[in-house]
Amino acid sequence: EELLERLAIPSGARVVELGCGTGSSLDLLGQQAHRIAHIDLVDLCPSLLAVARQRASAFPRASVIEADATTWRPQQPVDCVFVAYALTMIPEWRSVIDNAVQMLVPGGRLGVVDFHLPENGSRLGNAFWRRWFGHDGVRLSADHLTTLRQIFPEHTAAERRSRVPYLPGLRAPYYCFVGQRPTAPDVGKPS
């Protein structure tokens, strides 16, 4: 919810969600989903996409696409791309970011929310979270947020902590990032 609020998707926007999972973002968008020109929900997992298709049936402007977030692109540039708790599950995460930047119109926005290892986190704490999330195939890193900040000079970012199931009293570190693509033509190209 925080990411979608910060992303402030304008009415009539063309939107892509990479790593959409079950498409729960449609529920979070609420009435805003009906003001979007079109939203493409992209993921690789057929069983998650089956649930996303059920959700999307109530949204005529939504398409559910089985594809790789590192390479799939819409037919035309889009206004907003977002990735919610999926970047840490994709080994080629940098390719996802580069791909998202390339599909944005100049001035378009990329939003990412995910768990991470904070730069100011303790060595022991970061080791604990890396191991805890690693059991589910989630690869925590401090590099994601650093890379996003480098690619998007114009951005907002918030680092926070959130409760997690089964660990009362502990809060996992996450970030919420929104960056605006500069208008220079070579921004975001893979280095």
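**A tour of the salt bridges, the fold and the largest pocket**

Select R6 to begin: with a relative accessibility of 30%, R6 counts as partly exposed, because its value falls between the 20% that bounds buried residues and the 50% beyond which a residue is exposed. Note that the model on screen is a predicted one.

**Stop 1: E2 and its partners**

Keep R6 selected and add E2. A salt bridge joins the side chains of R6 and E2, with 3.2 Å from N to O. Both residues belong to helix 1, where they are four residues apart, about one turn of the helix. E2 has a relative accessibility of 23% and is therefore partly exposed.

Now add R160. The side chain of E2 also meets that of R160 in a salt bridge, at 2.9 Å from N to O. Since E2 sits in helix 1 and R160 in strand 6, residues 155-163, this pair ties together parts of the chain that are 158 residues apart in sequence. R160 has a relative accessible area of 36%, so it is partly exposed.

With the three side chains shown together, what links E2, R6 and R160? They form a network of salt bridges. As background, side chains of opposite charge can pair when their charged atoms come close.

**Stop 2: R94 and D98**

Move to helix 5, residues 93-103, and select R94 and D98, which are four residues apart, a separation of about one helical turn. Their side chains meet in a salt bridge of 3.0 Å, N to O.

Is D98 buried or exposed? D98 is buried, with a relative accessible area of 7%, which means that its value lies under the 20% cut-off. Its partner R94 has a relative accessible area of 29% and is partly exposed.

How many salt bridges does the structure hold? The count is six, among them the pairs E2 with R6, E2 with R160 and R94 with D98.

**Stop 3: the whole chain**

Clear the selection and switch to a cartoon view. There are seven helices and seven strands in the chain. Followed from the N terminus, the elements come in the order α-β-α-α-β-α-β-β-α-β-α-α-β-β. The chain has a radius of gyration of 16 Å, close to the 16 Å given by the globule rule for 191 residues, so it is as compact as a globular protein of that length.

Align the view with the principal axes: the C-alpha atoms fill a box of roughly 45 × 40 × 25 Å. Colour by accessibility next, and 48% of the 191 residues count as buried. Then turn to contacts. Of those with a separation of 6 or more, 73% are between residues 24 or more positions apart.

**Stop 4: the largest pocket**

To find the last stop, select E17, G19, A84, Y85 and A86. Of the 30 residues that line the largest pocket, these lie nearest its centre. Helix 1 (2-7), helix 2 (24-29) and strand 4 (78-84) are the elements that give two or more residues to this lining.

Which classes of residue make up the lining of the largest pocket? Colouring by class gives 17 nonpolar, seven polar and six charged residues. The space in the largest pocket comes to about 640 Å³.

Technical notes:
Residues numbered from 1 in each chain as written. Predicted model: local features only at pLDDT ≥ 70, side-chain atom pairs only at ≥ 80, totals over all residues. Heavy atoms only, no water. 1 Å grid on protein atoms, 1.4 Å probe; cavity = no way out; pocket = protein on both sides within 12 Å on 5 of 7 lines; lining within 4 Å. Points joined across faces, edges and corners; volume = space filled by probe spheres on them. Nonpolar A, V, L, I, M, F, W, Y, C, P; charged D, E, K, R; others polar. Salt bridge = Lys/Arg side-chain N within 4 Å of Asp/Glu carboxyl O. Buried < 20%, exposed > 50% of the residue type's maximum accessible area, 1.4 Å probe, protein only. Rg over C-alpha atoms; globule rule 2.2 N^0.38 Å. Contact = heavy atoms within 4.5 Å.
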